[in-house]
Amino acid sequence: FCIAGNHEKLLKNSLENTDDAQNYRVKYGSGFDLCKKELDRNQMNWLLSLPESLSLSFDNISFFLSHGSLDSVDEYIYPNSKSSILDQNYSSCDFTIFGNTHYPFIRCNRDKFLLNPGSVGQPRDVSALSSFVVINTENLSVQFSRVRFDIQNISNKIQELDPDNEYLRTVLTR
C-alpha cells in the first residue's frame, strides 16, 4: 500500500509547468529529471495516481495514512507542534500515521494514536539512522527502530549530479 507525498505532487507540477520544474531543480536538484528519464509511462502513471490518503484495517485495528496531515500532504506536524494542532489531526481510526516532517514520534489521546515513523531515506532528527515503526496488532505495542545506512554513497551521487546543491548533502548529515 502506498500514498502520495509532497514530492509526488511536486513531480506532477514539474511535468505540467517548466517554470516550476526549474524552481524545483534549483532547490531539490535533478531528482525529478531522473524520474522523467528513468521511469516508463506505466511507472510514472502509477506514481502520479497514488492516493493522498488511505484507510486500512488489519486484525480489527484501523489505520489512516496521510503524508502531511489530515488536510494536506504539504503540512508539517512536528512532535513539538501545539497540542491543538496535534489534536486536530487524529482521524477516526485507531492509528493516524503521517510522515512529512521525517521526525518520529507517537502521541496517544484516549484510545487513539498519532504516529510518525520518521524516515527510512532522509531522517531529520539523527543523520544516517533510518527510522521505521512496527505495530503489533495483537497487543497494540509500537516499536520504533533505527538502522544505520551509508549516506556517503548518496552524497557521492548528489556531488556527481548536483555539485552546486549543498542543501541536498547537508540534509543528510544534519
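This note goes through a predicted model point by point, from its largest pocket to single residues.

1. The largest pocket of the model has a volume of about 1,500 Å³, and its lining is made up of 50 residues. Among these lining residues, His7, His67, His102, Ser119 and Gln122 lie nearest the centre of the pocket, which makes them a good place to begin when you look at the structure. Sorted by class, the lining has 30 nonpolar residues, 15 polar residues and five charged residues.

2. It is useful to ask which helices and strands each supply at least two residues of the lining of this pocket. On the helical side they are α1 (6–16), α2 (18–28), α3 (31–38), α6 (151–161) and α7 (166–173), while the strands are β1 (53–58), β2 (61–66) and β6 (129–136). Several of these elements return in the points below.

3. In soluble globular proteins, nonpolar side chains tend to be buried together. In this model the largest nonpolar core has eight residues, namely Ala4, Leu10, Leu11, Tyr24, Phe32, Met44, Leu47 and Leu50, and at least two residues of this core come from each of α1 and α4 (41–48). For one of the core residues, Ala4, the contacts beyond four places in sequence are Leu50, Pro51, Glu52, His67 and Val73, and of these partners Leu50 is itself listed in the core, whereas His67 is among the residues that lie nearest the centre of the largest pocket.

4. Helix α2 deserves a look at each of its ends. At the N-terminal end, Asn17 acts as a cap, with a side-chain oxygen placed 2.8 Å from the backbone nitrogen of Asp19. Just after α2, Gly29 takes a positive phi of about 85°, and Ser30 is found in the loop that runs between α2 and α3.

5. Is Ser30 buried or exposed? Ser30 counts as buried because its relative accessible area is 12%, which is under the 20% limit. Its side chain makes a polar contact, at 3.0 Å, with the side chain of Asp162, and once neighbours within four places in sequence are left aside, Ser30 is in contact with Leu161 and Asp162.

6. Ser131 has its place in strand β6, and it is buried, with a relative accessible area of 3%. A polar atom of the Ser131 side chain lies 2.7 Å from the backbone oxygen of Pro117. Not counting residues up to four places away in sequence, Ser131 touches Pro104, Pro117, Gly118, Ser119, Val120, Ser145 and Arg146, and one of these, Ser119, is also among the residues nearest the centre of the largest pocket.

7. Phe64 belongs to strand β2 and counts as buried, with a relative accessibility of 13%. Although Phe64 and Ser91 are 27 residues apart in sequence, their C-alpha atoms are 6.8 Å apart in space. Beyond its neighbours within four places in sequence, Phe64 is in contact with Ser53, Leu54, Ser55, Leu70, Ser91, Cys93, Phe95, Thr96 and Ile97.

8. Lys112 is found in strand β5 and is partly exposed, with a relative accessible area of 22%; this value falls in the partly exposed class because buried means under 20% and exposed means over 50%. The side chain of Lys112 reaches the backbone oxygen of Ser92 at 3.1 Å, and the residues it touches, not counting those up to four places away in sequence, are Tyr90, Ser91, Ser92, Cys93, Asp94 and Arg107. Ser91 and Cys93 appear in the contacts of Phe64 and in those of Lys112. Measuring from C-alpha to C-alpha, Lys112 and Gly29 are 39 Å apart in space, with their positions 83 residues apart in sequence.

9. Two residues other than glycine take a positive phi, and each can be found in a loop between strands. Asp59, in the loop between β1 and β2, has a phi near 50° and is exposed, with a relative accessible area of 57%. Arg110, in the loop between β4 (105–109) and β5 (112–116), has a positive phi of about 60° and counts as exposed at 79% relative accessibility.

Methods:
Residues numbered from 1 in each chain as written. Predicted model: local features only at pLDDT ≥ 70, side-chain atom pairs only at ≥ 80, totals over all residues. Heavy atoms only, no water. 1 Å grid on protein atoms, 1.4 Å probe; cavity = no way out; pocket = protein on both sides within 12 Å on 5 of 7 lines; lining within 4 Å. Points joined across faces, edges and corners; volume = space filled by probe spheres on them. Helix = DSSP H or I, 4+ residues; strand = E, 2+ residues; numbered from the N terminus. Nonpolar A, V, L, I, M, F, W, Y, C, P; charged D, E, K, R; others polar. Core = buried A, V, L, I, M, F, W, Y, C linked by side-chain atoms within 4.5 Å. Buried < 20%, exposed > 50% of the residue type's maximum accessible area, 1.4 Å probe, protein only. Contact = heavy atoms within 4.5 Å. Polar contact = N/O pair within 3.5 Å; in protein donor to acceptor, adjacent residues only side chain to side chain.
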